[in-house]
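Student: I'd like to go through this structure and ask where the descriptions come from. Can we start once it's on screen?

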Amino acid sequence: MITATGLHKRFGDVVAVEDVTFTAEDGKITGLLGPNGAGKTSSMRMLYGLVAPNKGTAVIDGHDVREDPQAVRRVIGVLPDAPGIYPRLTARENIRYFGRLHGMKGPSLEQRINDLIDLLDMGAVADRRTAGFSQGERMKVAIARAIVHDPRNVMLDEPTNGLDVMSTRAMRHLINQLREEGRCVLFSSHVMQEVSALCDSIVVIAGGRVVAQGSPDELRAQAGTESLEDAFVSIVGAEGLV
Amino acid sequence: MFNQMFAILQKELKDGLRDRRSLMSALLFPLLGPVLCAVLLNTVANSSTRSKPLELSIVGAENAPSLVAFLYTNGVEIQAPPPDPHEAVRDGELDVVLIIPEDYGERFRAGKSARVELVVDNSRTSARTNISRSKKILQAWSSQLATLRLLARGVSPELLQPVAIDEVDLSTPQKLAASLLDMITMFVILAAFFCNMYLAIDATAGERERRSLEPLLINPVDRDMIVLGKWGATVLFGAAGVVMTLLFTTITMGFVPLEEIGVRISLGPPVIGAILLVTMPLTFLAGAMQLLVASFARSFKEAQTYISLILFLPMLPGIALTMNPVKTEDWMMLVPMLSQQLLVSDMMRGDPTGVLRHALAIVSTLVISGLFLWWTAQLFRKETIVFGR
């Protein structure tokens with residue numbers, strides 16, 4: 001479970017995140033929805049302890065990101081905004097590297113890697129160097145290595161960015177499966193349809209603030225609109241930030 | 001915790017070995033230095049004519065038997081005259097031809113200046129040594145005769161020589177070869193910096209540029225361990241470079257006629273062992289220094305620019321010593337790169353070095369490496385490391 005409380009982040013004079021508070025529960029998919037530059041990635045980075053908040057904090061499975069970022073990192077799996085993989089290593093070696101960094105080793109690690117390769121249907125390319133991989137194949141490697149240690153919480157920053165239809169479908173399938181396994185899934189997107197198709201709960205961020213949150217139905221009711229898209233435009237537009 | 005460090009070290013090594021650029025610089029550089037030095041030393045050996053006898057072609061040797069006998073006793077190898085002396089010299093076939101005219105004996109007996117002709121081409125640099133040697137020996141014959149004639153008349157020969165010039169020539173080939181030894185040392189030291197350069201950049205600025213640094217830092221790994229792992233891989237590449245350079249040096253020195261130029265290079269196993277002991281801390285320093293600089297840089301290219309600039313540092317002592325040799329002092333052992341340069345050169349020469357100097361060099365280099373590593377770790381702790389500065 002992820003609980004963010006009053007997250008605030010400045011870079012120099014620029015306020016990237018003003019005030020973000022929300023909760024993402026286990027066994028549910030929570031979507032961070034917002035236009036580009038709204039502060040989604042910065043919020044995510046505070047959650048996984050890459051940057052420290054100036055104010056506020058976040059607690060993941062009982063660990064405070066400010067007090068014990070290492071403990072937080074052990075219980076999360078992250079697909080960051082820019083998930084670079086190592087082009088001279090094979091897909092399997094890329095995944096194994098991160099497994100070892102999580103303290104895994106031996107047959108149990110190899111078994112887990114094989115399971116992930118099957119799950120993501122990448123057996124054909126698993127032992128090839130990733131230099132020539134397509135965007136979709138690269139994304140699969142990145143997601144596999146992010147969840148190699150079987151984390152309870154999974155954060156995905158714009159996971160379908162740049163993916164074709166088939167890869168997007170595969171990604172959605174995976175996200176649903178992660179929820180069914182009882183994990184807490186948090187993912188960010190600026191694509192309305194994706195969020196509405198997947199999420200149990202939506203957190204709308206604009207201008208570094210949470211401007212609305214709830215289930216898709218609640219959001220529609222709150223905005224008094226028929227479609228979620230209209231609700232989004234109404235909520236974000238009301239702030240005059242798009 | 002250290003398992004993670006080894007995982008990082010192992011990954012960086014594998015990555016480095018698979019990177020053609022890293023591998024090439026690590027493999028080619030250790031070859032380049034020893035081969036270059038061997039070629040230079042061979043050139044020195046060939047051009048050191050001092051030990052070779054002067055070869056002189058004489059036209060009309062029968063006209064001056066006493067002169068020819070003098071030349072012969074002074075170690076000149078007398079050769080048969082060419083058909084056309086002028087052509088032979090102009091074509092560069094011969095450096096010098098001595099022509100003794102038929103009236104030599106007549107004028108000699110009459111006490112007049114007996115003329116001989118020395119056919120030379122002064123524009124040919126390679127002939128200069130032989131020309132001046134020929135002139136010198138003829139002048140020696142001339143002044144010997146003058147001395148005898150004056151003595152026969154009861155006059156002191158010193159009258160003829162109000163000023164006596166004694167030339168003290170210091171430019172022995174040994175000196176030149178000795179400065180080449182400084183060059184070999186410089187290559188050994190440079191290997192510690194050059195062979196790991198790409199790996200250091202790839203592991204830091206390259207990782208950032210590839211955008212794999214952020215995912216790496218999200219793992220529950222101590223930042224210190226990340227830095228140590230990357231540093232370890234960098235050091236191993238540098239150390240391999242040093243070992244290979246030394247290996248190739250021992251091989252190529254086998255092809256250089258060192259005795260001929262009067263140089264002794266000690267490269268036995270004990271000396272190699274001692275050299276390795278002295279240079280290993282330097283690989284620590286090289287790794288830490290390059291990691292630090294590359295972590296500062298925003299991109300691979302920027303890191304490359306900085307590092308090629310700092311590559312001048314390890315070259316500086318070598319170049320300075322080649323130009324202007326100094327006597328080793330204890331305080332110099334506190335300056336990394338300079339200390340290794342001096343110690344390795346001294347050891348190769350077979351000069352005594354002393355335990356204190358070794359200890360000073362090793363400790364000072366280790367301390368400075370530690371400082372650089374600590375600084376790099378500080379950089380990695382900052383959140384700006386992902387974005388660069």
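Tutor: Let's begin with the contacts inside chain A: among those with a separation of 6 or more, 66% join residues 24 or more positions apart. Two residues are in contact if their C-beta atoms, placed from the backbone, lie within 7 Å. Keep in mind that this is a predicted model, where local features need pLDDT of at least 70 and side-chain atom pairs count only at pLDDT 80 or more, while totals for chains, interfaces and linings use all residues. Residues are numbered from 1 along each chain as its sequence is written, and chains are lettered from A in the order in which they are written.

Student: What makes the radius of gyration of chain A agree with that of a compact globule?

Tutor: The rule is 2.2 Å times the number of residues to the power 0.38, and the radius is taken over C-alpha atoms. With 242 residues that gives a value near 18 Å, and chain A has 18 Å, so the two agree. Along the principal axes, its C-alpha atoms fill a box of roughly 55 × 40 × 35 Å.

Student: What share of chain A counts as buried?

Tutor: 48% of the 242 residues. Buried says that 20 or more other C-beta atoms lie within 10 Å of the residue's own, with C-beta atoms placed from the backbone.

Student: Which domains does chain A have?

Tutor: Domain 1 covers 1-75 + 159-242 and domain 2 covers 84-150; such bounds come from an automatic or database domain assignment. Their C-alpha centres lie 26 Å apart, and five residues of domain 1 of chain A touch four of domain 2 of chain A.

Student: Why are helix 11 of chain B and helix 14 of chain B called roughly antiparallel?

Tutor: Helix 11 (residues 269-296) of chain B and helix 14 (residues 338-349) of chain B pack at about 175 degrees, axes 10 Å apart. Axes are lines fitted to C-alpha atoms over the stretch in contact, and angles run from 0 to 180 degrees between N-to-C directions. Over 145 degrees counts as roughly antiparallel, therefore the label fits this pair. The helices themselves are DSSP runs (H or I, at least four residues), numbered from the N terminus.

Student: Which residues meet there?

Tutor: Helix 11 of chain B brings residues including B:V271, B:I275 and B:L282, and helix 14 of chain B brings B:L343 and B:M347 among them. The contact divides into nine nonpolar, two polar and no charged residues. Nonpolar takes in Ala, Val, Leu, Ile, Met, Phe, Trp, Tyr, Cys and Pro; Asp, Glu, Lys and Arg are charged, and the others, Gly among them, polar.

Terms used. A residue is buried if 20 or more other C-beta atoms lie within 10 Å of its own, exposed if 12 or fewer, and partly exposed in between; C-beta atoms are placed from the backbone. Helices (H or I, at least four residues) and strands (E, at least two) are DSSP runs, numbered from the N terminus. Angles under 35 degrees count as roughly parallel, over 145 as roughly antiparallel, 65 to 115 as roughly perpendicular and the rest as oblique.
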